[in-house]
Each structure stands twice: as structure tokens, then as C-alpha cells.
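I'm opening a fresh notebook page for this chain. Plan: go from the overall fold down to single residues, and write down what I look up.

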Amino acid sequence: MDPVELLDTFDAQVRRSAQPDGPGARIEAVGTVVRQVARDAQGWSGITWSQLDDDDADAAVAGQVAYFRGLGQEFEWKLYDYDRPSDLARRLVAAGFRAEDEEALMVAAVADIRADVGLPDGVRLLPVTSEAGVALLVEVHERVFGTDSSQLRRLLLAQLRQEPERAALVVAMAGAEPVCSARLECLPGRDFASLWGGGTVPGWRGRGIYRALVAYRARLAAARGYRYLHVDASAASRPILSRLGFVCLARTTPYLWRPGAGRG
């Protein structure tokens, strides 16, 4: 499949036909906007897809701000560089949104991903199936990204209890120490599974653990019948993913709105 056709398929299956990312969340289509609404302020709410033009963009943005302001929830407008109108980023900032770091939408055919990636001596992979395993995964996440991961912990525990088939979680262990963690999201009815996490703690980077976890998740995706993997890649992970067979299809930037935000 050529890149244009692949991006069209991704847009239709993943963005426009979004599915809730956790228990209690819901997807709503409002005009030419698709949004996820979390069950409460602890979950992720945001705009997954839109089809706007110069005439209706400002009104659509204002409508979403008013809706989430009424809920008292922050939300994210996930903007891709091919979204229209071309100045939608400027309009979001004017409405009080703040841009986060840009990421690259990278996609690979599961069958093309290098699977012959080994782990360093003394490192093993531990599939996460319990609360204790989630604690290890979250420990890595906090050490790598320096953020509070209580929301992630609640989401993953809820998934394990209610929808264990939706995701595969794994931690790389060096003895008793968790040194890398990652997740594979598997939503039904799609050609695409998604990669999340993959952070490696300082001192263990540059040894191939991240690559091994990508290959491990690719094997799981293949076994579940998925054709492609997609990931929002940081600048640090893009070269690694490229060497494994991923290609960049677009750039994406999260624009965050919080209650109390004024117009820019």
C-alpha cells in the first residue's frame, strides 16, 4: 500500500472511527468533529478527528471548548499536519489551547518489522497480568518521563479487570529491577494496532531493549491478525523505529485546553 492510501486508511479506521481507550469513556460524533469523552476528569478526553474549513472552524472550536468547559474537563485537540483548515493551529492557540511537543506518526507493516532483535544478557521480558506487574510498569514510566502516573495506573488496572484482551503490557526486567516498559493497544475491527510507552531508564539505554520490545509487540500483533503498527514517535525514538521498518506518514501535535484558559 502506498503512503497516501495508507494514511487514508489510518484516518478512516483510527481517527474517524475512534473507539474508547478505556472503561467508561465514550465516543461522540458532533457534526464534522469526533471526540472522546472520559468518564471523569481522571481519563483522557480529546478530539480525534475533524473535517473543518475556513468558514466553520472557529465555531467548531468554540463549540468544543464550551462543551468541555461545561464538564469541567481539560481536553486535547490532536492536530495532524494534513488537517484543515491550514491555519487550524493558529485558531486553537487563539481559543486558549497550548501546543505540546510535536510527534511523528510512524507506521509499519507488521510483516516487515525486524523480529531478530535480542535482549542484553541478564534482561528478560515479563508480561504484565497483575496489579504487581502494573506497579512495575508505572515505576518505569515515572522514572523515564518524570510525571505522575496515577492516572495511567488506574487506566491499566481497569483494563486488566474489564477488557484484558484490548492491550498487552510488558516490562523488561534486569534481575529484580524494571528497566523498560511498553504497551500494545489492540482494538477490534482495525488493521492497525498501536504502540505506547517504550521508555528505558537511564543506564540501560543504547542496549537494544527498546528495539526488542517493539519486535516483541510486533509478534503479538501478528498473532492477533493485525496488518500494521502505528506509533506517535518522539524525536529520540524515530531513528530506531526507522531502522526497524517504520515510515513517517504525518506530524501530529497535541493542543491542550484546560478549564480557566483564556483566549490567546
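**Contacts and overall shape.** I began with contact range: of the contacts between residues at least 6 apart in sequence, 71% join residues at least 24 apart. Worth keeping in mind throughout: this is a predicted model. I counted seven helices and 12 strands in the protein. For overall size I looked at the radius of gyration, which is 19 Å; that agrees with a compact globule, because 264 residues would give a value near 18 Å. The C-alpha trace spans about 60 × 40 × 30 Å along its principal axes. Burial came next, and buried residues make up 50% of the 264.

**Helix H2.** I picked H2, residues 57-71, for a closer look. Its 15 residues reach 22 Å from first C-alpha to last, close to the 21 Å expected at 1.5 Å a residue. Which residues of H2 are buried? My list reads Ala57, Ala60, Val61, Gln64, Val65 and Phe68. They cover an arc of only 135 degrees around the axis, so they sit on the same side of H2. The spacing made me recall the textbook rule: an α-helix has 3.6 residues a turn, so residues three or four places apart point the same way. On the face turned away from the buried side I found the exposed residues Ala59 and Gly70.

Then I asked what covers the buried residues of H2. The cover includes strands S1 (26-30), S2 (33-37), S3 (46-50) and S4 (75-80), along with helix H3 (88-94) and strand S12 (247-257). Just after H2 comes glycine 72, and its phi is positive, near 70 degrees.

**Threonine 253.** Since S12 is part of that cover, I stopped at threonine 253, which is found in this strand. Is it buried or exposed? Threonine 253 counts as buried because its relative accessibility is 14%, and the cut-off for buried is under 20%. Leaving out residues up to four places away in sequence, I see threonine 253 touching Trp77, Lys78, Leu79, Ala99, Glu100 and Glu102.

**Helix H5.** I ran the length check on H5 (residues 150-162) too: 13 residues should span 18 Å at 1.5 Å a residue, and the end C-alpha atoms are 18 Å apart, which agrees. Its buried residues are Leu152, Leu156, Leu157, Ala158 and Gln159. Among the elements covering them are helix H4 (131-145), strand S8 (167-174) and strand S9 (177-185).

**Nonpolar cores.** A reminder to myself before this one: in soluble globular proteins, nonpolar side chains tend to be buried together. The largest nonpolar core here has 25 residues, and Leu184, Leu229, Leu241 and Phe246 touch the most other members. Strand S6 (103-109), strand S10 (192-200), helix H6 (209-223), strand S11 (228-233) and helix H7 (238-243) each supply at least two residues of this core. H6 gives the largest share, six residues. Apart from this core lies another, of 18 residues, including Phe68, Phe75, Leu88 and Ala95. So Phe68 turns up twice on this page, as it is also among the buried residues of H2.

I listed the contacts of leucine 241, setting aside neighbours within four places in sequence: Met106, Tyr210, Val214, Val231, Ala233 and Phe246.

**Two distances.** How far is leucine 241 from alanine 94? Their C-alpha atoms are separated by 35 Å, with their positions 147 residues apart along the chain. Alanine 94 has its place in helix H3 and counts as partly exposed, because its relative accessibility is 24%. My other pair was proline 3 and tyrosine 228: 225 residues apart in sequence, yet 13 Å apart in space, C-alpha to C-alpha. Proline 3 is in helix H1 (residues 3-16) and is exposed, with a relative accessible area of 54%.

**Cysteines.** Last lookup of the day. The structure holds zero disulfides. Cysteine 186 is in none, and the nearest cysteine sulfur, that of cysteine 180, is 18 Å away. Cysteine 186 counts as buried at 4% relative accessibility, whereas cysteine 248 is partly exposed at 40%.

Technical notes. Residues are numbered from 1 along each chain as its sequence is written. This is a predicted model: local features need pLDDT of at least 70, side-chain atom pairs count only at pLDDT 80 or more; totals for chains, interfaces and linings use all residues. Side-chain values use heavy atoms; hydrogens and water are left out. Helices (H or I, at least four residues) and strands (E, at least two) are DSSP runs, numbered from the N terminus. The expected span of a helix is 1.5 Å times one less than its number of residues. Buried means under 20% relative accessible area, exposed over 50%, partly exposed in between (1.4 Å probe, protein chains only). The arc is that of the directions from the helix axis to the C-beta atoms. Contact means heavy atoms within 4.5 Å. A disulfide is a pair of cysteine sulfur atoms within 2.5 Å. A nonpolar core is a set of buried Ala, Val, Leu, Ile, Met, Phe, Trp, Tyr and Cys residues joined through side-chain atoms within 4.5 Å. The radius of gyration is taken over C-alpha atoms; the globule rule is 2.2 Å times the number of residues to the power 0.38.
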